[in-house]
Amino acid sequence: YPAVISRIKLTTCDPAISLRTSYAKLGILIIKENPILGAGIGNSVVYGIENGLYKNLNLKESWSWQPIHNLYLLVASETGIFGLGAFMAFIIGRWNHQRPFRV
């Protein structure tokens, strides 16, 4: 019972929540600085380090320099608005073409 309750309670002080919030803010900052083309595929971490974005978000330890944990923010920050649009078109296209399982 105590093990389950401790995992159900979520607070903003919980590192899992606070770090994910910081990574989301990082993604938004990168998108604001590079809205059209993004930082480049695979470059969100490098861009954040080189431009001091991690330090601005109080992520000063090297272990905390991780990619953005939200897929859509990650795609938008690395490929820009056009890349996010292409990714969303792909997702929607795949979703519309799925067929139900038949035996």
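In the predicted model, the elements that cover the buried residues of helix α5 include α2 (15-33) and α3 (44-50). The buried positions of α5 are Leu 73, Leu 74, Val 75, Ala 76, Ser 77, Glu 78, Gly 80 and Gly 83. At the N-terminal end of α5, Asn 70 acts as a cap, with a side-chain oxygen 3.0 Å from the backbone nitrogen of Tyr 72.

The path of α5 is not straight: a bend of about 130° is found at Gly 80, one of the buried residues of this helix. Although α5 has 26 residues, its end C-alpha atoms are only 20 Å apart, whereas a straight helix at 1.5 Å a residue would reach 38 Å.

Glu 78 belongs to α5, which comprises residues 71-96. The residue is buried but forms no salt bridge; Arg 20, the nearest side chain of opposite charge, is 15 Å away. The Glu 78 side chain instead has a polar contact, at 3.0 Å, with the side chain of Ser 44. When neighbours within four places in sequence are set aside, the contacts of Glu 78 are Leu 37, Gly 38, Ala 39, Gly 40, Ile 41, Gly 42, Asn 43 and Ser 44. Ser 44 thus appears both in this set of contacts and as the polar partner of the Glu 78 side chain.

Trp 95 also lies in α5. Its relative accessibility is 62%, and Trp 95 therefore counts as exposed. Between Trp 95 and Ile 17 the C-alpha to C-alpha distance is 30 Å, with a separation of 78 residues in sequence.

Conventions:
Residues are numbered from 1 along each chain as its sequence is written. This is a predicted model: local features need pLDDT of at least 70, side-chain atom pairs count only at pLDDT 80 or more; totals for chains, interfaces and linings use all residues. Side-chain values use heavy atoms; hydrogens and water are left out. Helices (H or I, at least four residues) and strands (E, at least two) are DSSP runs, numbered from the N terminus. Buried means under 20% relative accessible area, exposed over 50%, partly exposed in between (1.4 Å probe, protein chains only). Lys and Arg count as positive and Asp and Glu as negative; His and the chain ends are not counted. A salt bridge is a side-chain nitrogen of Lys or Arg within 4 Å of a carboxyl oxygen of Asp or Glu. A polar contact is a pair of N or O atoms within 3.5 Å; within protein, one must be able to donate a hydrogen and the other to accept it, and residues adjacent in sequence count only if both atoms are side-chain atoms. Contact means heavy atoms within 4.5 Å. The expected span of a helix is 1.5 Å times one less than its number of residues. The bend at a residue is the angle between axes fitted to the seven residues ending there and the seven starting there.
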